[in-house]
Amino acid sequence: MAVKTDIEIAREARKRPILEIGAKLGIPSEHLLPYGHDKAKIDQAFIKSLEGRPSGKLILVTAINPTPAGEGKTTTTVGLGDGLNRIGKKAVVCIREASLGPNFGMKGGAAGGGYAQVVPMEEMNLHFTGDFHAITAAHNLLSAMIDNHIYWGNSLEIDERRIVWRRVMDMNDRALRDIVVSLGGISNGFPRQTGFDITVASEVMAILCLSRDLADLEKRLGDIVVAYTRDKTPIYCRDLKADGAMTVLLKDAMQPNLVQTLENNPAFVHGGPFANIAHGCNSVIATATALKLGDYVVTEAGFGADLGAEKFFDIKCRKAGLKPSVAVIVATVRAMKMNGGVAKADLGTENVEAVRKGCPNLGRHIGNVKGFGVPVVVAINHFFSDTEAEVAAVKAYVAQQGAEAILCRHWADGSAGIEELAHKVVALAEGGSANFAPLYPDDMPLFQKIETIARRIYHADEVLADKSIRDQLKAWEAAGYGHLPICMAKTQYSFTTDPNLRGAPTGHSVPVREVRLSAGAGFVVVICGEIMTMPGLPKVPSAEVIRLNGDGNVEGLF
């Protein structure tokens, strides 16, 4: 029997009206702003009314370093949310929105897979409720106002060589990484070099995802450093009087989106910073709201735990005062074999020795997450080609690391295939063994924070940074930004900055190419190795096979 595609399964979903899903969480219909029948935004007034309520337990789903074999972190997040509801817990899923760039590129969407999906799948992976468009517009409004201010006399004395605010778009387009604007004569302004980043790398995206409410959003937008004068005095967004209009553009985007899983359980899908070039978590306002409405909130952090989980703990939890109860690390037998040196074409053949050889990547993530004081359980996301001996090898290895690995079949069986993991998560959460603490204190010097992440999470020997970068960090410390956490921009495929180096390498160095101050978001971005903040499309992009069929339905999304 042919296996149905994710989009075929999603299209057959028996969705309930979104007002019913809201009622499950006790959200009155007048506080839901429907976008059609199957998605809605939750208004700020209702969110504010929840402030006095106790919070539920927060469960983080993270993973090993991604491989071409596939891991299924979002699928496991959704499946676990359904599994917790199946065993009688009031659980809410919180995930990120999908970016159009990877949808039409190589990575695909962000709605889960198989019978552990969030729906409506097509809308979520395309324009959804327009949040990303609003973020793009707000970001580029500020870009336009910078150049407009210079054109009309530059009373702020902005040094055009020191404009640090670029432009963004929600698409992979390498041709826009470095460009020259304002060509064509006097009426078009003053030519200068700039470029585009992808929208998910925008500081506006990070700000929206870390803001508590609209007032906090406007303040953070005003705090954005957009440029410097010749004497290196910072110019802020509020100096250009752009923060108010940007907030207006983001007013609706700030409201969390409510949708549902295939099993009609509530899911918040809001915000979408990447984890390799941004902080990789859904919005604070969505997570905090879900914690007031559910007993359990299952959320994910992008890519492997070296990026997603570290930033979730050190940025999101630190800034929002969140205390996770359990961390689930997703792994697959196939990925263990790839880490053990098996080619993708040979993954269907049993190879227990390769599984054992690849397990140290998983082991390092287990140790790293435990270092934050959070109990760990491993979810083995099942594939049809997995053999009993291979699964047993992973379980035995994880047991040696002082944790438990549980085989999960949610992709094929929905919540019924992940009950065991749901019970284990409840036991760990109710056991009260979590003693969460970030990796470093606020008052540690910025470069020392970078070294701490590199040594304790990546297991590197050293951080390589030119004097100019070290001097820049010291200057930001002198300007009052030394308390900020670090957001590492690094390849997701390896603990190192070399995407081809799998496993659990040691003895490597972390080269820092550039540092950027995100004063509004409240962190310092550290760009390492060859990582790009504007990705390119692959040789054969997914866009080549995405189309409408004869019935008017979308095909090719995944």
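These legends go with close-up views of a predicted model, covering its cavities, one helix and some salt bridges.

**View 1. The largest cavity, at about 140 Å³.** Counting those of 30 Å³ or more, the model has two cavities, and this view zooms in on the largest one. Its lining takes in 14 residues, and R96, E97, K107, A110 and F274 sit closest to the centre. Sorted by class, the lining of the largest cavity comes out as seven nonpolar, four polar and three charged residues.

**View 2. The second largest cavity, at about 60 Å³.** Here the walls are made by E97, A98, L100, M124, L126, H127, F128, D131, F132, H133 and D170. Split by class, that makes six nonpolar, two polar and three charged residues. Helix 7 (residues 131–151) chips in three residues, the largest share of this lining.

**View 3. Helix 7, end to end, with its 21 residues.** From first C-alpha to last, helix 7 reaches 30 Å, close to the 30 Å you'd expect at 1.5 Å a residue. Just past the end of helix 7, have a look at G153, which takes a positive phi of about 115 degrees.

**View 4. The salt bridge between K41 and D131.** The two side chains meet at 2.9 Å, N to O. K41 belongs to strand 2 (residues 40–42) and D131 to helix 7, so this pair ties together parts that sit 90 residues apart in sequence. Are the partners buried or exposed? K41 is buried, with a relative accessible area of 0%, and D131 is buried too, at 3%. D131 also turns up in the lining of the second largest cavity.

**View 5. The salt bridge between E51 and K48.** This pair meets at 3.6 Å, N to O. E51 is exposed, with a relative accessible area of 56%, and K48 also counts as exposed, at 55%.

**View 6. The salt bridge between D223 and K219.** For these two side chains the N to O distance is 2.7 Å. On the acid side, D223 has a relative accessible area of 15%, so it counts as buried, given that the cut-off is under 20%.

**View 7. A salt-bridge network of R166, D197, E514 and R516.** Rather than a lone pair, this view has four residues in it, joined into one network by salt bridges that share partners. For the wider picture, the structure holds 30 salt bridges.

Notes
Residues are numbered from 1 along each chain as its sequence is written. This is a predicted model: local features need pLDDT of at least 70, side-chain atom pairs count only at pLDDT 80 or more; totals for chains, interfaces and linings use all residues. Side-chain values use heavy atoms; hydrogens and water are left out. On a 1 Å grid over the protein atoms alone, a cavity is a set of points where a 1.4 Å probe fits but cannot get out, and a pocket is an open set with protein on both sides within 12 Å along at least five of seven lines; lining residues have an atom within 4 Å of a point. Grid points are joined across faces, edges and corners, and a volume is the space filled by probe spheres set on the points. Ala, Val, Leu, Ile, Met, Phe, Trp, Tyr, Cys and Pro count as nonpolar, Asp, Glu, Lys and Arg as charged, and the others, Gly among them, as polar. Helices (H or I, at least four residues) and strands (E, at least two) are DSSP runs, numbered from the N terminus. The expected span of a helix is 1.5 Å times one less than its number of residues. Buried means under 20% relative accessible area, exposed over 50%, partly exposed in between (1.4 Å probe, protein chains only).
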